[in-house]
Amino acid sequence: MAYNGTTMIQSIIDNVERIIIGKREVIELAVCSFLCKGHVLIEDVPGVGKTSLVYAIAKSLDCSFRRIQFTPDILPSDITGFSIYNQKSGEFEYRPGAIMAQIVLADEINRTSPKTQSSLLEVMEENQVTVDGKTYAVMQPFIVFATQNPVEYLGTYPLPEAQLDRFFMRISLGYPDAADESRMLSRFKEDDPIDSLEAVADVGRLLQAQEEVRKVHVADNINDYIVSLMRATRDNPNLSLGGSPRASLCLYRAAQAWAYYSGRDYVVPDDVVKMVMPVTEHRLVLKQEAKLRKVTPQGIIQDTLTNVQPPL
């Protein structure tokens, strides 16, 4: 049966596609990650629309939005907030940081120091920040969209494995084809269409959809298939770090979300296959000798899908 949320999700995707032309599959993945309460890392070269994608999603949802421009001199307190002494009350008061919003754009996250990058770990995992021993919860729904340029670009710091593992999935836009790029030029002829974009989903319905996703049925043989895929990456001789148990859980949730988006209340093996690349690729760490042999995480995942038989 089709869930009522399917129509809402399609409306969000159609709305975003007015801005990000010809990249529907990428938009679908980003929205499915939102349904799973998962954070998204968008990695690509400059100028392909990473920031515009997040702006379009934020404007399509009736949620609060903050943008953090990561630079080498930004401090952890700029993100999490800080305590300041109030002379009138004689007490310290919490001043919220930029992370206190429902949708947060961490723009060019790999242009700041590892210390500042790590300030996001707690809030991404536990939906809260701790400042001077006190804990403050973030608003729900909460998701971090982080953009980054490839690590070979000047002025970038590679994200540590612990932080990469906090991202539910990694997606990439890539260059548009000639026809889509021409359509983009025509659409942006007079003004920026993102200025007129309006919300098509409210917070209450989004929260309901997130709960419905978790009720999508996953059979035991699908569980075993997910575990087999992740264990195969851990045993791969080309990897120093394979898919973690968190990766297994993320793939489980992602398959539920894709089934939900497809109008089903149960997961099939194709849902797992569809989501395994964006969920797992960024979590795999190649051995140095594998890098020299031009082995890629994508190739390892494709080989794993070939060698691990899906349930019938």
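Let's start at Gln 163, which touches Ile 109, Gln 117, Ser 118, Leu 120 and Leu 121, leaving aside residues up to four places away in sequence. The model you are looking at is a predicted one, so please read each contact and distance below as computed from that prediction. Gln 163 belongs to helix α7. With a relative accessible area of 1%, Gln 163 is buried, because the cut-off for buried is under 20%.

Just past α7 comes a good place to look at charges. Arg 166 sits in the loop between α7 (161–164) and β9 (167–171), while Glu 125 is in helix α6 (residues 121–126), so their pairing ties together parts that are 41 residues apart in sequence. The two side chains meet in a salt bridge, at 3.5 Å from N to O. That fits a simple idea: side chains of opposite charge can pair when their charged atoms come close. Glu 125 is partly exposed, with a relative accessible area of 40%, and Arg 166 is partly exposed as well, with a relative accessible area of 21%. This pair also has company, for Glu 125, Asp 165, Arg 166, Arg 246 and Arg 283 are linked in a network of salt bridges.

How many salt bridges does a search of the whole structure find? The count is 16. One of them joins Arg 24 to Asp 14, with 2.8 Å between the closest N and O atoms. This pair links distant parts of the chain, since Arg 24 is in helix α2 (residues 24–35) and Asp 14 is in helix α1 (residues 5–17), ten residues apart. Arg 24 has 26% relative accessibility and therefore counts as partly exposed. Asp 14, at 40% relative accessibility, also counts as partly exposed.

Another salt bridge is found between strands. Arg 67 pairs with Asp 107, and the closest N and O atoms are 2.7 Å apart. Arg 67 lies in strand β2 (residues 65–69) and Asp 107 in strand β5 (residues 103–107), so the pair ties together parts that are 40 residues apart in sequence. The two partners differ in their surroundings: Arg 67 is partly exposed, with a relative accessible area of 37%, whereas Asp 107 is buried, with a relative accessible area of 5%.

Now turn to helix α10 (residues 220–234). Its 15 residues should span 21 Å at 1.5 Å a residue, and the end C-alpha atoms are 21 Å apart, which agrees. Which residues of α10 are buried? They are Ile 222, Tyr 225, Ile 226, Leu 229, Met 230 and Thr 233. These residues cover an arc of only 125 degrees around the axis, which puts them on the same side of α10. On the other side of α10 you will find Asp 220 and Asp 224, both exposed. The cover over the buried residues of α10 includes β10 (239–241), α11 (245–261), α12 (269–280) and α14 (297–307).

One of those covering elements, α12, deserves its own visit. It has twelve residues and reaches 16 Å from its first C-alpha to its last, close to the 16 Å expected at 1.5 Å a residue. The buried residues of α12 are Asp 271, Val 272, Met 275, Val 276, Met 277, Pro 278, Val 279 and Thr 280. Among the elements that cover them are α2, β9, α10, α11 and α14.

Thr 280 brings us to a glycine. Gly 243 and Thr 280 are 37 residues apart along the chain, yet their C-alpha atoms are separated by 6.5 Å. Gly 243 has its place in the loop between β10 and α11. Is Gly 243 buried or exposed? It is buried, with a relative accessible area of 2%. Not counting residues up to four places away in sequence, Gly 243 touches Met 230, Thr 233, Arg 234 and Leu 284. Met 230 and Thr 233 will be familiar from the buried residues of α10.

To finish, move out to the surface. Met 184, Leu 185 and Phe 188 make a nonpolar surface patch of about 270 Å². Leu 185 is found in helix α8 (residues 178–187). At 58% relative accessibility, Leu 185 counts as exposed, because exposed means over 50%.

Technical notes: Residues numbered from 1 in each chain as written. Predicted model: local features only at pLDDT ≥ 70, side-chain atom pairs only at ≥ 80, totals over all residues. Heavy atoms only, no water. Patch = residues over 30% accessible without salt bridge, like charges linked within 9 Å, V, L, I, M, F, W, Y side chains within 5 Å. Areas by Shrake-Rupley, 256 points an atom, 1.4 Å probe, with all protein chains shown as cover. Salt bridge = Lys/Arg side-chain N within 4 Å of Asp/Glu carboxyl O. Helix = DSSP H or I, 4+ residues; strand = E, 2+ residues; numbered from the N terminus. Buried < 20%, exposed > 50% of the residue type's maximum accessible area, 1.4 Å probe, protein only. Expected span 1.5 Å × (residues − 1). Arc of directions from axis to C-beta. Contact = heavy atoms within 4.5 Å.
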